[in-house]
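Please look over the model shown here before turning to the numbered points of this note.

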Amino acid sequence: MAGKPELLSRMAAGDGHGENSSYFDGWKAYDENPFDLHHNRGGVIQMGLAENQLSLDLIEEWSKAHPEASICTAEGASQFKRIANFQDYHGLPEFRQAMAQFMGQVRGWKATFDPDRVVMSGGATGAQETLAFCLANPGEAFLVPTPYYPGFDRDCCWRSGIKLLPIECHSSNDFRLTKEALVTAYESARSSGTVVKGVLITNPSNPLGTTTDRATLAMLATFATEHRVHLICDEIYAGSVFAKPEFVSIAEVVERDVPGADRDLIHIAYSLSKDFGLPGFRVGIVYSFNDAVVACARKMSSFGLVSSQTQHFLAKMLGDEAFMAMFLRESAARLAARNERFTAGLREVGIGCLRSNAGLFSWMDLRGMLRGEKTAEAELELWRVIVRNVKLNVSPGTSFHCREPGWFRVCHANMDDETMEVALDRIRLFVRQHQHQKAKAQRWAAKGHLHLSLQRHAGIASQYHALSSPMAALLSPRSPLVHAAS
């Protein structure tokens, strides 16, 4: 008897979305028990979501001062019919003009952008998927430096069928991309029979919070030209740089530093979700120097258009050059202050972070807290303790494809000052408890060397491993975390 026919497609029945990962599991833990300063102080604090909530008040104030930007006010109602009936997938001309102007402004006016190359998409997710569809066929690959944003596995691969292959980067040089690592990854992919269609980078980096220097960008543009592969630069955090060195866009590099680069191979993804804290607006941008890619991406944008009402509002706001300049300055100052406060709080208990100058997060180094062998499983064990017991949703480095266990991305721009202090208190208490238990075990072990038999010493050694475990420290009835939560 023939089997029953499949009712759903392989995509619907499969798990290619990538949701079954520690990155998204932490979000689920938060959703089940969200922290609230006034109603649920024992809940999970969301430190796995990269959002900029530090400067939303500036946008709120601007919107109050400019009611004409909304078609749902008396001052803007005269535009209601025009905007409500607009559905051209090219987008409102004034929106594309304002977006091109702002993209130049946020890059220090060191690169120019053509409004006719601005293509809309449903957030950066839509922008990356659109580029994947335009640039590669199923089974072909992009090379990506590690660690990289876990959502790329979904954005680029789930529906398009392409692959992402890692370019291994290491903490020994602060995870900077080198030509040697790029060439190694490229040749490895080619030797395995995989067609490499492009290199995908995030600049500034998520999760590192660092900017890519001019020389590396020039190397990438030259590599792309010589090997006839595309270079996709996700610049979603371009307006979230808060310290030196300054941000350098690939658009500036191909204009000024590598004039011989083949611009048909250069593409930029951008969004307003991070720099402005407006993920709900679903504004993503594909900017390509390739005419055919622009034409195809614009046709594909029909599946993820930005509402005309949102375009109208943003055309007004992004076109206000003076406000944008003030916003970028103030946002950078607030991000710098938040980054310094958070990293300084960690330094109080000996925890370091990779030195960063951009983004909404820190790349926290907990390698010294891993139990036993420095493995991916040891990292996940520590992560489970942090999520379940310390009640902080941080993201483990393994979910970012980092090959060095013990690194964690911690987002801290998506909360108010008081919540961040609660989060810092939890981390410091956890670390101090761990340090106390480890020191106690070491004293016992040292005493065992002097007074105990080899057999008893072996017992103490195993006891040391138990006491030095973060799980053991947290589950102890005498743990300060137990008392703090009660």
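The points below go from the whole chain to single residues and one helix.

1. The model is predicted, and the values in this note should be read with that in mind. The secondary structure of the protein amounts to 18 helices and 13 strands. With a radius of gyration of 25 Å, close to the 23 Å given by the globule rule for 486 residues, the protein is as compact as a globular protein of that length. The C-alpha trace spans about 85 × 65 × 60 Å along its principal axes.

2. As for burial and contacts, 53% of the 486 residues count as buried. Among the contacts with a separation of 6 or more, 74% are made by residues 24 or more positions apart.

3. The surface that the protein exposes comes to about 21700 Å², and carbon and sulfur atoms supply 53% of that area. On the side of charge, the protein has 51 positive and 53 negative charges, whose mean positions are 6 Å apart.

4. G406 sits in the loop between strand 12 (395–396) and strand 13 (407–411). The relative accessible area of G406 is 0%, and G406 is therefore buried, given that the cut-off for that class is under 20%. Leaving aside neighbours within four places in sequence, the contacts of G406 are with M364, D365, L366, R367, L370 and E379. Between the C-alpha atoms of G406 and D31, which are 375 residues apart along the chain, the separation is 25 Å.

5. T146 belongs to the loop between strand 3 (141–145) and helix 7 (152–157). Is T146 buried or exposed? With a relative accessible area of 2%, T146 is buried. Not counting residues up to four places away in sequence, T146 touches P166, I167, E168, C169, F175 and H401. For C169, there is also a polar atom pair to note, since the backbone nitrogen of C169 lies 3.2 Å from a polar atom of the T146 side chain, and the cut-off for a polar contact is within 3.5 Å.

6. Helix 2 covers residues 22–32, and S22, Y23, F24 and G26 are buried within this helix. Which elements do the buried residues of helix 2 pack against? Their partners are helix 7, helix 14 (376–390), strand 11 (392–393), strand 12 and strand 13. Two of these partners, strand 12 and strand 13, also flank the loop that holds G406, while helix 7 follows the loop in which T146 lies.

Key. Residues are numbered from 1 along each chain as its sequence is written. This is a predicted model: local features need pLDDT of at least 70, side-chain atom pairs count only at pLDDT 80 or more; totals for chains, interfaces and linings use all residues. Side-chain values use heavy atoms; hydrogens and water are left out. Helices (H or I, at least four residues) and strands (E, at least two) are DSSP runs, numbered from the N terminus. The radius of gyration is taken over C-alpha atoms; the globule rule is 2.2 Å times the number of residues to the power 0.38. Buried means under 20% relative accessible area, exposed over 50%, partly exposed in between (1.4 Å probe, protein chains only). Contact means heavy atoms within 4.5 Å. Accessible areas come from the Shrake-Rupley method with a 1.4 Å probe; for residues, only the protein chains shown count as cover. Lys and Arg count as positive and Asp and Glu as negative; His and the chain ends are not counted. The place of a charge is taken as NZ of Lys, CZ of Arg, CG of Asp or CD of Glu. A polar contact is a pair of N or O atoms within 3.5 Å; within protein, one must be able to donate a hydrogen and the other to accept it, and residues adjacent in sequence count only if both atoms are side-chain atoms.
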